[in-house]
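Visitor: I'd like a close look at the largest pocket. Which residues lie nearest its centre, and which elements give two or more residues to its lining?

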Amino acid sequence: PSWERRYPPEATGWAQFALWVQDRNICRHLLEGGDRVRETLSLPLGPIADWLVRSWPHVELEERAALFPTTDDPYASLADWGERPPPKGSAENEWVDAREAWWSHHFLTAVGEGICVPFVSFVRQDDTLVVQWKPRFAGTTQHRSVVDGGRALLNWSETAQALDEFVRFVADWFKPEDARTAVDAFDGYFRE
């Protein structure tokens, strides 16, 4: 970053961010009271890259949650899981903790409190990455999506490569020792 790093948010690499899924920019929005469609969100890239690094092993290897029969419709699975009581012999807190763990590894909205990101989820199905999004944003009430919700089936290898490039790009913004640590932790998760 070209700015001073006086406190942690200034060191995170803020940028204009657009998330394209196939031919749709799911970050397109209006600000409350405005009439100009904005193509990007202003947000810190560091927490997004960090979430990808921490969550990717789960996205890559956890096609289904261990305690609940999740599907390739993660939003429906999450809602259904929240409405069901724990199975006999399971404690309520274990059931809720398992749901929270699954959700936090597959939904970008888990990236951090207060960060304005689109409601988007990632679930692997064989050689496909299922990306599903809702027409709203986490961390804000000022942004109104102008994109309908949707779902896309993406090639696993191509998507993993694109996300790998994004994380490496963000890592380059940080001090060399910080970037090296992030890249080392990430290395191999997006490679087949």
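Guide: Here's a walk from the overall layout into the pocket and then out along the elements around it.

A word on the model before we start: it is predicted, so local features need pLDDT of at least 70 and side-chain atom pairs count only at pLDDT 80 or more, while totals for chains, interfaces and linings use all residues. Residues are numbered from 1 along each chain as its sequence is written, and side-chain values use heavy atoms, with hydrogens and water left out.

The chain has five helices and nine strands; these are DSSP runs numbered from the N terminus, with at least four residues for a helix (H or I) and at least two for a strand (E). Starting at the N terminus, the order is β-β-β-β-β-α-α-α-β-β-β-β-α-α. Of the 192 residues, 42% are buried, meaning under 20% relative accessible area with a 1.4 Å probe and protein chains only; exposed is over 50%, and partly exposed sits in between. If you take contacts between residues at least 6 apart in sequence, 59% of them join residues at least 24 apart, a contact being heavy atoms within 4.5 Å.

Now your pocket. It holds about 460 Å³ of space; that volume is what probe spheres fill when set on grid points joined across faces, edges and corners. The pocket is an open set of points on a 1 Å grid over the protein atoms alone, where a 1.4 Å probe fits and protein lies on both sides within 12 Å along at least five of seven lines; lining residues have an atom within 4 Å of a point. There are 21 lining residues, and Ala18, Leu19, Trp20, Ala162 and Leu163 are the ones nearest the centre. Two or more of the lining residues come from each of E1 (14–17), E2 (20–21), H1 (45–61), E9 (150–155) and H4 (156–173). H4 supplies the largest share, five residues. By class, the lining has 16 nonpolar residues, four polar and one charged; nonpolar covers Ala, Val, Leu, Ile, Met, Phe, Trp, Tyr, Cys and Pro, charged covers Asp, Glu, Lys and Arg, and the others, Gly among them, count as polar.

Three of those central names come up again around asparagine 25, in strand E3 (24–25). Leaving out neighbours within four places in sequence, asparagine 25 is in contact with Ala18, Leu19, Trp20, Glu39 and Val147. Why does asparagine 25 count as buried? Because its relative accessible area is 4%. Its side chain puts a polar atom 2.7 Å from the backbone oxygen of glutamate 39.

Just before glutamate 39 is arginine 38, in the loop between E4 (29–31) and E5 (41–44). Arginine 38 counts as partly exposed because its relative accessibility is 31%. With residues up to four places away set aside, arginine 38 touches Cys27, Arg28, His29 and Leu31. Its C-alpha is 9.7 Å from that of histidine 143, although the two are 105 residues apart along the chain.

Next, E9, one of the lining elements. E9 pairs antiparallel with E7 over six bridges, where pairing takes at least two DSSP bridges. In that pairing, leucine 129 stands opposite leucine 154 of E9. E7 (128–138) is also joined to E6 (117–125), again antiparallel, by eight bridges, and valine 120 has tryptophan 133 of E7 as its bridge partner. Two residues sit between E6 and E7 in their hairpin, where aspartate 126 takes a positive phi near 55 degrees.

H1 is another lining element, and tryptophan 51 is found in it. At 1% relative accessibility, tryptophan 51 is buried. Beyond four places in sequence, tryptophan 51 has contacts that include Trp56, His105, Phe107, Leu108, Ala110 and Phe122. The C-alpha atoms of tryptophan 51 and alanine 110 are 8.0 Å apart, across 59 residues of chain.

Right before alanine 110 is threonine 109, in the loop between H3 (92–106) and E6. Threonine 109 is buried too, at 12%, and past four places in sequence it touches Trp103, Val117, Pro118, Phe119 and Ala138. Its C-alpha lies 5.8 Å from that of phenylalanine 119, ten residues along the chain.

How values were computed:
Polar contact = N/O pair within 3.5 Å; in protein donor to acceptor, adjacent residues only side chain to side chain.
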